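This report goes through the pockets, the cavity and a few individual residues of one protein chain. Please keep the sequence and the structure in view while reading.

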Amino acid sequence: MTTNTPKTTAADTAKRPRNAGATSETGKRGRPKKTASQGSLDTRESIMDAAEGLFSQHGFYGVTIREVAREAGVDTALVHYYFGSKRDLFDAVFNRRAAVWNNERVAAMDRYAESEGDRMTLEGLLEAFLRPPFQWSLKGGPGWKHYAALVAQTNANPAFGGETMARYFDPAIRRLLELVRRILPEATDEQLYWSWHNLSGALTLTLGETGRIDRLSGGLCKSGDLDTACDQMVKFGAAGFRAVCQG
């Protein structure tokens, strides 16, 4: 006996729900669930985002693991599971964005040095070095604002700031000073390091957007005007290096 199988028309097909024939990895219909590794990555990022925001506002000593967990919406034990101690969590947060800043700065300086060669100027070199962190803070979203404030706090922390800054930022800074030596070959190492030290303080204070200049200037200058701040710092830094290294 022959069974007549109804033909499927284009109209019938169009009436089907889009995922009528789709199954997830578990065999159930609907959107595939996140894998365990993806879920873990999302949880780690959420914890670091929460910690970054809190550390940037209250400093390392003003934040507890319990507060980070509450802000991230997870159990305290989960923070310890992923990061261990509070210092380990801080280091993970600090390192996460440091690589982005440093890689972009070194790449920009290398491009500038390759294109200009003996025609390099301090202004051009400092523009390449300084612009990336200003641009990330200006356009990268709230997380980058928090990170800039965190770097400013860490740079001024007498307990572990020097060691932390050295660990994550020294390679990019040493590349900067190496290229400055090409422009100012008569400069001594001592002069170069003092020049950087003074620029470093101005850089992290400015990126911290504390509002200090807003109050001092009566609103004439704005902490959040980072494009102008970077323009001014390039000129100020170049003049400072010249004054110290050629004086």
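Eight nonpolar, five polar and four charged residues make up the lining of the largest pocket, in a model that is predicted. That pocket has a volume of about 470 Å³, and among its 17 lining residues Thr206, Ile213, Cys221, Ala229 and Met233 lie nearest its centre. Two or more lining residues come from each of helix H9 (189–207), helix H10 (212–216) and helix H11 (226–246), and the largest share, five residues, is given by H11.

The second largest pocket has a volume of about 340 Å³. It is lined by 14 residues, of which Asp170, Ile173, Trp196, His197 and Ser200 are the closest to its centre. Helix H8 (161–183) and H9 each supply at least two residues of this lining, and H8 gives the most, with eight residues. By class, six residues of the lining of the second largest pocket are nonpolar, six are polar and two are charged.

Besides the open pockets, there is the matter of enclosed space. The count comes to one cavity of 30 Å³ or more, and the largest cavity has a volume of about 90 Å³. Its lining consists of Trp101, Arg105, Val151, Met165, Phe169, Ile173, Trp196, Ser200, Leu203 and Thr204, which divide into seven nonpolar, two polar and one charged. Helix H5 (86–116), H8 and H9 each supply at least two residues of this cavity lining, with the largest share, four residues, coming from H9. Ile173, Trp196 and Ser200 are among the residues that line the cavity, and they are also among those closest to the centre of the second largest pocket.

The volumes and the makeup of the linings are set side by side here.

| Space | Volume | Nonpolar residues | Polar residues | Charged residues |
|---|---|---|---|---|
| Largest pocket | about 470 Å³ | eight | five | four |
| Second largest pocket | about 340 Å³ | six | six | two |
| Largest cavity | about 90 Å³ | seven | two | one |

The chain as a whole gives the setting for these spaces. The protein chain holds eleven helices and zero strands, and of its 247 residues 38% count as buried. Its accessible surface comes to about 14500 Å², of which 54% belongs to carbon and sulfur atoms. Among the contacts in the protein chain with a separation of 6 or more, 69% are accounted for by residues 24 or more positions apart.

Which residues does asparagine 102 contact beyond its neighbours within four places in sequence? Asparagine 102, found in helix H5, is in contact with Tyr168, Phe169 and Ala172 once those neighbours are left aside; of these, Phe169 is one of the residues lining the largest cavity. Asparagine 102 counts as buried because its relative accessibility is 9%, under the 20% limit. Its C-alpha atom and that of phenylalanine 129, a residue 27 positions away along the chain, are separated by 8.9 Å.

Valine 79, in helix H4 (residues 76–83), is likewise buried, with a relative accessible area of 0%. Leaving aside its neighbours within four places in sequence, valine 79 is in contact with Ile47, Ile65, Ala69, Val74, Gly84 and Leu89. With alanine 69, which is ten residues away in sequence, the C-alpha to C-alpha distance is 6.5 Å.

Glutamate 209 lies in the loop between H9 and H10, and its phi is near 45 degrees, a positive value in a residue other than glycine. At 26% relative accessibility, glutamate 209 counts as partly exposed. Both H9 and H10 are among the helices that give two or more residues to the lining of the largest pocket.

How many disulfides does the structure hold? The structure holds zero disulfides, a disulfide being a covalent bond between the sulfur atoms of two cysteines. Cysteine 221 counts as partly exposed, at 31% relative accessibility, and Cys221 is one of the residues nearest the centre of the largest pocket. Cysteine 245, on the other hand, is buried, with a relative accessible area of 4%.

Definitions and conventions: Residues are numbered from 1 along each chain as its sequence is written. This is a predicted model: local features need pLDDT of at least 70, side-chain atom pairs count only at pLDDT 80 or more; totals for chains, interfaces and linings use all residues. Side-chain values use heavy atoms; hydrogens and water are left out. Buried means under 20% relative accessible area, exposed over 50%, partly exposed in between (1.4 Å probe, protein chains only). Contact means heavy atoms within 4.5 Å. Accessible areas come from the Shrake-Rupley method with a 1.4 Å probe; for residues, only the protein chains shown count as cover. On a 1 Å grid over the protein atoms alone, a cavity is a set of points where a 1.4 Å probe fits but cannot get out, and a pocket is an open set with protein on both sides within 12 Å along at least five of seven lines; lining residues have an atom within 4 Å of a point. Grid points are joined across faces, edges and corners, and a volume is the space filled by probe spheres set on the points. Ala, Val, Leu, Ile, Met, Phe, Trp, Tyr, Cys and Pro count as nonpolar, Asp, Glu, Lys and Arg as charged, and the others, Gly among them, as polar. A disulfide is a pair of cysteine sulfur atoms within 2.5 Å.
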